[in-house]
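Colleague: I am new to reading protein models. Could you take one part and walk me through it closely, then show me how the rest fits around it?

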Amino acid sequence: MADDEVATKAPESDAKEPSMVSSEDTSAQTGASMGVYDTPCLEAMRLADLELQDHCVTDRPSPTSGEQPSGEISKIADVDVYITKPSDYPHLPSKLLLFLSSGTGIHSKNNQLQADRYAGEGFLVVMPDQFAGDPAPNSTTDPNADDSKPSMIGKVKLGFATTAKSFMVDMWLARQTPEKVLPILQKVVEGAKEEFADAVANGGGVYGVGYCFGGKYVCLLSAELPDTVAHGQAPKDEEAGIVKSGPLIKAGALAHGTLITREDLEGVKSPITMACVENDQLFPDDVRTAGQTCLETNKIEHEIKVYSGVPHGFAVVGEYEDPKIQEAQKTAFEQMAGWLKAH
């Protein structure tokens with residue numbers, strides 16, 4: 001399927017998530033954290049790391065309308081979750097939607113409002129704390145950053161603060177592995193199936209939506225994973241007769257994913273839609289196009305729309321002054337919610 005181009009323009013962003021690094025580049029992360037870049041590959045990592053800090057560590061300002069989240073923090077299978085439900089549930093049937101957030105996590109007001117949007121479309125939404133109480137670092141930079149004429153000392157201090165934040169984000173990313181995250185998600189899915197069996201039955205399964213970091217896990221939950229990986233263990237030799245489980249979600253939707261690899265997309269078995277950002281260093285065009293080829297070859301129902309001139313993170317609730325970004329945000333939500341409702 002050809003990519004749909006959506007014209008928009010502006011350089012801001014909102015979510016918080018990992019910098020896009022291929023598996024063969026992970027050995028360079030330490031050097032990137034220390035500010036050492038000797039090759040074009042490392043330079044690309046540096047630029048992605050800057051984009052990560054700009055767009056994936058702190059939320060955009062929340063809507064000025066004063067809108068407040070309508071759900072609540074609870075627990076499923078001893079995991080903290082944000083749950084938000086349609087206003088007419090349980091009087092009218094609903095569908096269970098697993099909402100996987102950016103690195104800002106379940107306590108982000110913007111993530112909660114975004115989850116509420118899906119509840120408004122008839123989904124019973126469960127957003128788990130997939131980071132186990134360890135969301136992405138979002139400390140503020142030196143106050144001089146907002147000074148139109150910072151002193152030389154201020155500039156030096158700001159430089160150290162930025163480097164420190166980069167290092168903290170790299171360390172955080174190193175902790176957020178599939179071996180850590182997938183068992184948490186599996187526990188929540190199994191627990192939610194029990195607690196909201198009516199919604200699972202009505203939808204014929206569990207649906208999944210992910211933003212930024214959560215986008216990768218929509219891909220993984222759409223695949224058949226070795227049972228050992230789903231339970232937090234390293235995969236064993238294929239010849240040992242591994243039992244695979246999944247897909248855990250019936251259909252998936254994601255926006256501006258990060259850390260997604262070609263292999264992640266190659267493993268997708270469930271119908272999936274993606275709202276992507278053109279020239280997104282956190283989800284490079286070549287990874288996206290290679291993944292699209294895999295989906296086509298494997299005859300997986302899919303939809304990919306590429307939004308130009310918008311920042312990584314644009315699809316998450318947050319204030320943008322540029323009306324073109326506002327329109328793209330609305331269009332992306334309609335794309336994703338519409339796909340999930342149709343499947």
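Modeller: Here is a close look at one helix, followed by its surroundings. Keep in mind that this is a predicted model.

Start with the whole chain. It has 11 helices and 11 strands. Of its 343 residues, 53% count as buried. Now take the contacts between residues at least 6 apart in sequence. Among these, 79% join residues at least 24 apart.

Our part is helix 5. It covers residues 178-195, which makes 18 residues. From its first C-alpha to its last it reaches 25 Å. At 1.5 Å a residue, 26 Å is expected, so the span is close to that value. Which of its residues are buried? Read along the helix and you find V181, L182, P183, I184, L185 and Q186. Then come V188, V189, G191 and A192.

What does helix 5 touch? One partner is helix 7, residues 213-221. The two axes come within 11 Å and cross at roughly 70°. Angles from 65 to 115 degrees count as roughly perpendicular, so that word describes helix 5 and helix 7. On the side of helix 5, the contact is made by P178, V181, L182 and L185. Helix 7 brings F213, Y217, L220 and L221. Sort these residues by class and you get eight nonpolar, no polar and no charged. Look back at the buried list too: V181, L182 and L185 are on it.

Step back along the chain from helix 7. In the loop between strand 6 and helix 7 sits C212. Is C212 buried or exposed? Its relative accessibility is 0%, so it counts as buried. Its backbone deserves a look as well. Most residues other than glycine have a negative phi. C212 is not a glycine, yet its phi is positive, about 55°.

L259 shows a positive phi too, near 65°, and it is not a glycine either. You will find L259 in the loop between strand 9 (251-255) and helix 9 (262-266). At 17% relative accessibility, L259 counts as buried, because the cut-off is under 20%.

Strand 6, residues 207-211, also leads us to helix 3. Strand 6 is among the elements that cover the buried residues of helix 3. The others include strand 2, strand 3, strand 4, strand 5 and helix 11. Nine of the 11 residues of helix 3 are buried, so this helix is largely enclosed by the rest of the structure. The buried ones are N110, N111, Q112, L113, Q114, A115, D116, Y118 and A119.

Y118 has a second role in this picture. Ring pairs link it with F99, Y211 and F333 into a cluster. In total, the structure holds nine aromatic pairs.

One more backbone detail lies in the loop between strand 3 and strand 4. That loop holds P90. Most peptide bonds are trans. The bond from Y89 to P90 is cis, with omega near 10°.

Finish with a residue that is not buried. Q281 lies in the loop between strand 10 (272-277) and helix 10 (285-297). With 31% relative accessibility, Q281 counts as partly exposed. Its C-alpha is 8.7 Å from that of H312, and the two residues are 31 apart along the chain.

Conventions. Residues are numbered from 1 along each chain as its sequence is written. This is a predicted model: local features need pLDDT of at least 70, side-chain atom pairs count only at pLDDT 80 or more; totals for chains, interfaces and linings use all residues. Side-chain values use heavy atoms; hydrogens and water are left out. Rings of Phe, Tyr and Trp (its six-membered ring) pair if their centres lie within 6.5 Å; planes under 30 degrees apart count as stacked, over 60 as edge-to-face and the rest as tilted. Helices (H or I, at least four residues) and strands (E, at least two) are DSSP runs, numbered from the N terminus. Buried means under 20% relative accessible area, exposed over 50%, partly exposed in between (1.4 Å probe, protein chains only). Axes are lines fitted to C-alpha atoms, for helices over the stretch in contact, and angles run from 0 to 180 degrees between N-to-C directions. Angles under 35 degrees count as roughly parallel, over 145 as roughly antiparallel, 65 to 115 as roughly perpendicular and the rest as oblique. Contact means heavy atoms within 4.5 Å. Ala, Val, Leu, Ile, Met, Phe, Trp, Tyr, Cys and Pro count as nonpolar, Asp, Glu, Lys and Arg as charged, and the others, Gly among them, as polar.
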